[in-house]
Amino acid sequence: MRLHAWFDAAVRPPPDSRAGVGYVIKTPRGEIVLATSLYIGPHTVNEAEYTAAIKAVTAAIELGVTDLTLTGDSDLVVRQTRGEYAVHAENLKPFRQQLVTLLSTIDQWRILHVPRALNKEADALSRQELVKRLQAVTS
């Protein structure tokens with residue numbers, strides 16, 4: 001089954017650093033199969049982006065994906081996953097390893113970078129979850 005997964009993260013500035021992630025999984029025709037947002041607690045921006053990608057790939061695998069296009073607006077995550085950039089930050093190494101391990105279980109996959117403006121649905125989901133959590137704390 002071919003699927004397209006879009007991922008993104010929203011993170012409050014330090015020292016707060018609370019984060020939300022969102023992902024949308026679609027058929028090749030653009031029909032939404034799954035749209036999810038999650039609060040993940042304090043993370044760096046790059047940790048949160050990796051987490052969003054990992055959650056999206058995990059969900060796609062659970063749906064039975066055999067051919068996945070994974071798309072996000074984090075140039076770092078995309079290039080590190082492709083092996084174009086080395087992972088120097090120790091905190092990111094386990095995230096990259098988990099993502100690559102998950103992707104290796106899929107027959108065919110590719111990861112693409114897009115500008116934030118083209119990643120609106122996942123961006124909105126990640127922000128929605130973060131705002132929801134922040135409102136619950138201040139209420």
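1. Immediately following helix α2, Gly 83 adopts a positive phi of about 90°. The model in which this appears is a predicted one, and the points below should be read with that in mind.

2. Helix α2 itself spans residues 75–82, and its buried residues are Val 77, Val 78, Gln 80 and Thr 81. Among the elements that cover these buried residues are three strands and two helices, namely β1 (2–11), β4 (67–72) and β5 (108–113) together with α1 (45–62) and α3 (93–103). As background to this pattern, an α-helix has 3.6 residues a turn, so residues three or four places apart point the same way.

3. The pairing of α2 with α3 deserves its own point, and two packed helices are described by the angle between their axes and the distance between the axes. Here the axes of α2 and α3 come within 10 Å of each other and cross at roughly 60°; because angles from 65 to 115 degrees would count as roughly perpendicular and those under 35 as roughly parallel, α2 and α3 are oblique to each other. The crossing of α2 and α3 is right-handed. On the α2 side the contact is made by Val 77, Gln 80 and Thr 81, and on the α3 side by Arg 96, Leu 99, Val 100 and Leu 103. By class, the residues of this contact between α2 and α3 comprise 4 nonpolar, 2 polar and 1 charged.

4. Turning to the chain as a whole, there are 4 helices and 5 strands, which in sequence order give the pattern β-β-β-α-β-α-α-β-α. The radius of gyration is 14 Å, close to the 14 Å that the globule rule gives for 139 residues, so the chain is as compact as a globular protein of that length. Along the principal axes, the C-alpha atoms fill a box of roughly 45 × 35 × 25 Å.

5. Of the 139 residues in the chain, 47% count as buried. Among the contacts in the chain with a separation of 6 or more, 69% are accounted for by residues 24 or more positions apart.

6. A last point concerns Thr 36, which lies in strand β3 (residues 32–42). Is this residue buried or exposed? Thr 36 has a relative accessible area of 17%, and because buried means under 20%, Thr 36 is buried. Leaving aside residues up to four places away in sequence, Thr 36 touches Val 21, Gly 22, Tyr 23 and Leu 125. Ser 17, by comparison, is 19 residues from Thr 36 in sequence and 20 Å from Thr 36 in space, taken C-alpha to C-alpha.

Technical notes. Residues numbered from 1 in each chain as written. Predicted model: local features only at pLDDT ≥ 70, side-chain atom pairs only at ≥ 80, totals over all residues. Heavy atoms only, no water. Buried < 20%, exposed > 50% of the residue type's maximum accessible area, 1.4 Å probe, protein only. Contact = heavy atoms within 4.5 Å. Axes fitted to C-alpha atoms, helices over the stretch in contact; angles between N-to-C directions. Parallel < 35°, antiparallel > 145°, perpendicular 65-115°, else oblique. Left-handed = near helix turned anticlockwise from the far one by under 90°. Nonpolar A, V, L, I, M, F, W, Y, C, P; charged D, E, K, R; others polar. Rg over C-alpha atoms; globule rule 2.2 N^0.38 Å.
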